[in-house]
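Student: I've got the model open and I'd like to test the labels people put on it. Can we take them one at a time?

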Amino acid sequence: GLDKKKNQIKHKNFYFFKEDVSNSKKVEEILRFVIKKFKKIDVIINNAGISYFTKFEDRTNYELNSTLNTNLVGTINVCRNYLKLHKAHKLKKCKIINIGSIYGILSPDFNIYDKGDNINSEIYGASKAAIIQFTKYLSVYGAKYNINVNCLSPGGILNHKNKQKKKFINKYSNRVPLKRMADTSDFFTCILFLASDKSSYVTGQNIVVDGGLSSW
């Protein structure tokens, strides 16, 4: 695991690195360590992401750069540095799973937000749209190295720790054909599929798991 936040996972087989994915040099060092220790990397999941909830008119350059550096540049850093090492060590295969968002293909519905609600930002959506396109690019570029690259784009997720307002949950759920927000467990099967040999002929895809929201 690689994150700027303190590790919350306790497991003897879990290695945690407190680092910023936008730091290309540090990312390369960590990937080198992992490959040296395990002789391969089977699966890479690029899940680092941040957002800001200030109004579009008030967006600062810091917020723009910070979002892009984490969401897009960080993902590219991991993939680029891994590809160099994959080629240098003549590794056999790898599955890369990028985490996008429905807001990479849709705009938020502003009608479901009340004053004070966190409306998803334009730069977050733009960064996730870029992730979807980058997935397609890298799937073609990495194909001859037996690297599968796919994207999972989740719908709105129910936050059990800092729960959204009940009114927002109801409004969002009414926009979804399955009439509920997602739970994190709704994505597990898709991730396991993309990480397994069962998806060896699947690459360059953006799989949307949103309860049907984007089907309207």
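Student: Why does C190 count as buried?

Tutor: Buried means under 20% relative accessible area, exposed means over 50%, and partly exposed is in between, with a 1.4 Å probe and protein chains only. C190 has 12% relative accessibility, so it counts as buried. Before we go on: this is a predicted model, where local features need pLDDT of at least 70 and side-chain atom pairs count only at pLDDT 80 or more, while totals for chains, interfaces and linings use all residues. Residues are numbered from 1 along each chain as its sequence is written, and side-chain values use heavy atoms, with hydrogens and water left out.

Student: What about C151, buried or exposed?

Tutor: Buried: the relative accessibility of C151 is 0%.

Student: How many disulfides turn up in the whole structure?

Tutor: Zero. A disulfide is a pair of cysteine sulfur atoms within 2.5 Å. The cysteine sulfur closest to that of C151 belongs to C190 and is 9.6 Å away, which is too far for a bond. From the other side, C190 is in no disulfide either, with the sulfur of C151 as its nearest cysteine sulfur.

Student: C151 sits in a strand, I think. What makes β5 mostly covered?

Tutor: Helices (H or I, at least four residues) and strands (E, at least two) are DSSP runs, numbered from the N terminus. In β5, eight of eight residues are buried. That goes for both faces: I147, V149, C151 and S153 are buried on one side, and N148, N150, L152 and P154 on the other.

Student: Which way do β4 and β5 pair, and over how many bridges?

Tutor: They pair in the parallel sense, over six bridges. Two strands pair if DSSP finds at least two bridges between them, so six clears the bar. As one example, I96 has V149 of β5 as its bridge partner.

Student: On to charges. What makes R59 and E63 a salt bridge?

Tutor: A salt bridge is a side-chain nitrogen of Lys or Arg within 4 Å of a carboxyl oxygen of Asp or Glu. The closest N and O atoms of R59 and E63 are 2.9 Å apart, so the pair qualifies. R59 is buried at 14% relative accessible area, and E63 is buried at 10%. A search of the whole structure finds 11 salt bridges.

Student: Where in the chain are D114 and K171, and how far apart are their closest N and O atoms?

Tutor: The N and O atoms are 3.3 Å apart, so this is a salt bridge as well. D114 is in the loop between β4 (94-99) and α3 (122-141), and K171 is in helix α4 (residues 166-175), so the pair links distant parts of the chain, 57 residues apart. D114 has 28% relative accessible area and is partly exposed; K171, at 26%, is partly exposed too.

Student: And why does the salt bridge between D117 and K165 tie together separate parts?

Tutor: Their closest N and O atoms are 3.5 Å apart. D117 lies in the loop between β4 and α3, and K165 in the loop between β5 (147-154) and α4, so the parts it ties together are 48 residues apart in sequence. D117 is buried at 14%, whereas K165 is partly exposed at 46%. Separately, salt bridges that share partners join R59, E63 and E122 into one network.

Student: What makes a space a cavity rather than a pocket?

Tutor: On a 1 Å grid over the protein atoms alone, a cavity is a set of points where a 1.4 Å probe fits but cannot get out; a pocket is an open set with protein on both sides within 12 Å along at least five of seven lines, and lining residues have an atom within 4 Å of a point. The search finds one cavity of 30 Å³ or more. Its space is about 30 Å³, where a volume is the space filled by probe spheres set on the points, joined across faces, edges and corners. Its lining residues include N46, N71, N98 and K128.

Student: Which elements supply at least two residues each to that lining?

Tutor: α2 (61-88), β4 and α3.

Student: And what is the second largest pocket like?

Tutor: Its volume is about 340 Å³, and it is lined by 19 residues, with T54, F56, F110, I119 and N120 nearest its centre.
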